[in-house]
Amino acid sequence: MTTVSERDVQLLRDALGPLRDREQVAERLLESSARHSFDPDKELDWDAPVEDGKWFWPPELVSLYDTPLWRTMSEGQRMELARHEAASLASLGIWFEIILMQLLVRHIYDKPVTSNHVRYALTEIADECRHSMMFARLIGKGGSPGYPVPRYYHNLARILKTVSTTPGSFAATLLGEEILDWMQRLTFPDERVQPLVRGVTRIHVIEEARHVRYAREELRRQMVTAPRWEREFTRLSCGQAARVFSVCFINPRVYENVGLDRRQAVAQVRESGHRREVMQSGARRLTDFLDDIGVLRGPGRRLWKSSGLLA
């Protein structure tokens, strides 16, 4: 529920400038979707064999990169860890997209069903369905197990998505999309990486750009129009979501599955300056945006710092 009318919001602005008309934004996104949407089952060569000597994830983005443990690992063990981490990230992506689809359905439940805004939300849900199936198929093709998030965080996310208000939903959406998007933009042009992985990340980057635009525009609108209590709740819930996301980013079972000591690996990742820089670089575009529109304030900002995603 907002404190101003849709007509009034067109006259408002935030730190980034005037708010854009919701229907015009959705219309442009629908036009882009019509031009640049993909069917991964047809677009990608799923029957092509895995190529020897190619990574499933860029080594610099592997969690243990440049740690003492990494320097003791053979090239084969490093590549095996990258394969399992790619499966872990794909599993994380599926978990997050299932949450996102539920949040989008809640968002449009009371909206006019013939509006461009609702039509685009349904288009995005269709995109996310394809992405989830694509990620699941990639896990199977890579030969690694799936890596569901730990049960505690699975259930905590159930609570967060249930109590989330509209601005909190879009803030969480951006949290899940933008960090992975940053990594995938480094992955799809990297010729060291398996062609199928590059194809999957390319499709995801192209289609997620629309999703990010939709979520950013709506979050800006909500942070201008929502009542004060909802803005404050968004700051807290978004900070807590950042903590959950950072903990769940890589399932620690990947280390055991490649023959490493789990506790040692987790400790070295936690202490790794390189890993910290990777995660903060991936989040920087998002945290700058959230800071500009007033999300990173008070206790919520401290939660973001404790997540390791904000310097």
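**Notebook: cavities, pocket and one valine**

I began with the fold and counted 14 helices and two strands in the protein. The model is predicted, and I read every entry below with that in mind.

**Overall shape**

I checked the radius of gyration next. It is 20 Å, and a compact globule of 311 residues would have one near 19 Å, so the two agree. I then took the box along the principal axes. The C-alpha atoms fill roughly 60 × 45 × 30 Å.

I looked up burial. Of the 311 residues, 55% count as buried. The exposed area came to about 14,500 Å². Carbon and sulfur atoms supply 53% of that area.

I also looked at contacts between residues at least 6 apart in sequence. Of these, 83% join residues at least 24 apart.

**Cavities**

I searched for enclosed space and found five cavities of 30 Å³ or more. I followed up two of them.

The largest cavity has a volume of about 290 Å³. I listed its lining and got 20 residues. Nearest its centre lie Phe 96, Ile 99, Leu 160, Ala 172 and Ala 241. Which helices each supply at least two residues of this lining? I noted H5 (75-108), H7 (151-163), H8 (166-187) and H10 (228-248). H10 gives the largest share, six residues. I sorted the lining by class: 14 residues are nonpolar, five are polar and one is charged.

The second largest cavity holds about 190 Å³ of space. Its lining has 21 residues, and those nearest the centre are Leu 89, Ala 90, Phe 135, Leu 180 and Gln 184. Two or more lining residues come from each of H5, H6 (116-142), H8 and H9 (195-225). Here H5 gives the most, with seven residues. By class I recorded 12 nonpolar, five polar and four charged residues.

**Largest pocket**

I moved on to open space. The largest pocket contains about 910 Å³. I found 36 residues lining this pocket, and the closest to its centre are Ser 246, Val 247, Cys 248, Val 269 and Arg 270.

I wrote down the helices that each supply at least two residues of the pocket lining. They are H5, H7, H10, H11 (253-257), H12 (262-271), H13 (273-292) and H14 (298-307). Which helix supplies the largest share of this lining? H10 does, with six residues. I had already noted H10 as the largest contributor to the lining of the largest cavity. The pocket lining divides into 19 nonpolar, 10 polar and seven charged residues.

**Val 266**

I picked one residue for a closer look. Val 266 sits in helix H12. Is Val 266 buried or partly exposed? Its relative accessibility is 24%, and buried means under 20%, so Val 266 counts as partly exposed.

I listed its contacts, leaving aside neighbours within four places in sequence. Val 266 touches Pro 252 and Tyr 255.

Last, I took a distance across the model. Val 266 and Lys 111 are 155 residues apart along the chain. Their C-alpha atoms are separated by 45 Å.

Technical notes: Residues numbered from 1 in each chain as written. Predicted model: local features only at pLDDT ≥ 70, side-chain atom pairs only at ≥ 80, totals over all residues. Heavy atoms only, no water. 1 Å grid on protein atoms, 1.4 Å probe; cavity = no way out; pocket = protein on both sides within 12 Å on 5 of 7 lines; lining within 4 Å. Points joined across faces, edges and corners; volume = space filled by probe spheres on them. Helix = DSSP H or I, 4+ residues; strand = E, 2+ residues; numbered from the N terminus. Nonpolar A, V, L, I, M, F, W, Y, C, P; charged D, E, K, R; others polar. Rg over C-alpha atoms; globule rule 2.2 N^0.38 Å. Buried < 20%, exposed > 50% of the residue type's maximum accessible area, 1.4 Å probe, protein only. Contact = heavy atoms within 4.5 Å. Areas by Shrake-Rupley, 256 points an atom, 1.4 Å probe, with all protein chains shown as cover.
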